[in-house]
Every structure is written in C-alpha cells, then in structure tokens.
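The following exercises are intended for a reader new to this structure. Please attempt each task before reading its solution.

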Amino acid sequence: MVKVQTKAASSTIDRIHEVRSWVESRTIERRTETLLVLLSLFGKDHGVLIGSPGTAKTQLLKDICRCIKVNLFRAQVSKDTPLKRLTGDMDIPTYVNEGRVKFNTAGYILDANVAHLCELFLMNTTTQSGLLNLMSDGE
C-alpha cells in the first residue's frame, strides 16, 4: 500500500517536526509530552498534562505556544475558584444599554488557544462542570 499525502498534510507534519525539535532542544526527556501537546494543538483537540511539580509542564507549554504563536491562558485554581475567573465577567453596560448578554472574554480562557490550569483537580465540582461544558461545546 502506498501512502499519499496532500501538500497541506505534509506541511503540517513538517511543522510538527520543526516545533518538536526546537522544544526538545530546550527540555530534557520530554519527547512524549511534547508530541502529545503538539498533536492536540494541530489536531484541534483537548489534551491534559498531569505530573508532579517541577517536571517542566509549564515551560513545555510556554515554549510550544511561543514557537507556534498561539495564546496561552494560565491560572492557578483552587476550590474557591469561580468559573467567571476563567471565562470572564458579564458586560453589564451592554446588558443595561442594549438588553443583550455579552461576556468580556479578552484575556480569559475563551480567548486563548491553550489553557494551562494548575491544580485542576482542586477545583470545586461546579467550576469543573462548567469547564467540561465549555470543552464539550468546542468553545
């Protein structure tokens, strides 16, 4: 069987290898994690990095986002973190003046290509459910 690649697919694969090589030159023993993050990003899907503190998860995401020029949203979350701290507040003047609901999402998770949430499992169940709904809606 002969594999046929389109020009776009070949270009994407080349870009993944290029970014992967650059990121791997800056980290030690993070080949698998680098590839998984890149595949999630280029595949437009969700990914999760779980590990002990100090294992270069944050630096890996920063390097990848810097290299491919995408927005990174970072937040330290806890059991008291409300969903609006991640998604942004409602724009009250728009609601009062125009009668429509609008959220200020600039600089929040909905404005980012990549979200980095530290201590994800410490979030309360309401915030976790809201975040899962956002992810499942493709937002």
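**Exercise 1: Leu35**

Leaving out residues up to four places away in sequence, Leu35 touches Ile16 and Arg20, where contact means heavy atoms within 4.5 Å. The model is a predicted one, in which local features need pLDDT of at least 70 and side-chain atom pairs count only at pLDDT 80 or more, while totals for chains, interfaces and linings use all residues. Residues are numbered from 1 along each chain as its sequence is written, and side-chain values use heavy atoms, with hydrogens and water left out.

Task. State in which helix Leu35 lies, and give its relative accessible area.

Solution. Step one: Leu35 belongs to helix H2; helices (H or I, at least four residues) and strands (E, at least two) are DSSP runs, numbered from the N terminus. Step two: the relative accessible area of Leu35 is 26%, which makes this residue partly exposed. The scale calls a residue buried under 20% relative accessible area, exposed over 50% and partly exposed in between (1.4 Å probe, protein chains only). Step three: the C-alpha atoms of Leu35 and Val19 are 9.5 Å apart, and the two residues are 16 apart in sequence.

**Exercise 2: Helices H2 and H3**

Task. Determine how the axes of H2 and H3 are placed, and list the residues that make the contact.

Solution. Step one: helix H2 covers residues 31-42 and helix H3 covers residues 57-68; their axes come within 11 Å and cross at roughly 45°. The axes are lines fitted to C-alpha atoms, for helices over the stretch in contact, with angles from 0 to 180 degrees between N-to-C directions. Step two: H2 is therefore oblique to H3, given that angles under 35 degrees count as roughly parallel, over 145 as roughly antiparallel, 65 to 115 as roughly perpendicular and the rest as oblique. Step three: H2 contributes Glu33, Thr34, Val37, Leu38, Leu41 and Phe42 to the contact, and H3 contributes Leu60, Leu61, Ile64 and Ile68. Step four: these residues of the H2 and H3 contact comprise eight nonpolar, one polar and one charged. In this grouping Ala, Val, Leu, Ile, Met, Phe, Trp, Tyr, Cys and Pro are nonpolar, Asp, Glu, Lys and Arg are charged, and the others, Gly among them, are polar.

**Exercise 3: The loop between H2 and H3**

Task. Describe the surroundings of Leu49, and say what is notable about phi of Lys44.

Solution. Step one: Leu49 lies in the loop between H2 and H3 and is partly exposed at 27% relative accessible area. Step two: apart from neighbours within four places in sequence, Leu49 is in contact with Glu33, Val37, Lys57, Leu60 and Leu61. Step three: Leu49 and Leu117 are 68 residues apart along the chain, and their C-alpha atoms are separated by 9.9 Å. Step four: Lys44 is found in the loop between H2 and H3 as well. Lys44 has a positive phi of about 55°, although it is not a glycine, and is exposed with a relative accessible area of 78%.

**Exercise 4: Strands E1 and E2**

Task. Explain how the side chains along E1 are arranged, and how many bridges join E1 to E2.

Solution. Step one: in strand E1 (residues 72-76) the side chains alternate, with Phe73 and Ala75 buried on one face, and Leu72, Arg74 and Gln76 pointing to the other and not buried. Step two: E1 and strand E2 (residues 114-118) run parallel and are joined by five bridges; two strands pair if DSSP finds at least two bridges between them. Step three: Phe73 has Ala115 as its bridge partner in E2.

**Exercise 5: After E2**

Task. Is Met123 buried or exposed, and which residues does Met123 touch?

Solution. Step one: Met123 is found in the loop between E2 and H6 and counts as buried, at 5% relative accessibility. Step two: not counting residues up to four places away in sequence, Met123 touches Val77, Ser78, Lys79, Leu86, Gln128 and Leu131. Step three: the C-alpha atoms of Met123 and Thr81 are separated by 6.6 Å, with their positions 42 residues apart along the chain counted as the separation. Step four: Glu119 has its place in the loop between E2 and helix H6 (125-136). Phi of Glu119 is near 65°, a positive value in a residue other than glycine, and Glu119 counts as partly exposed at 42% relative accessibility.
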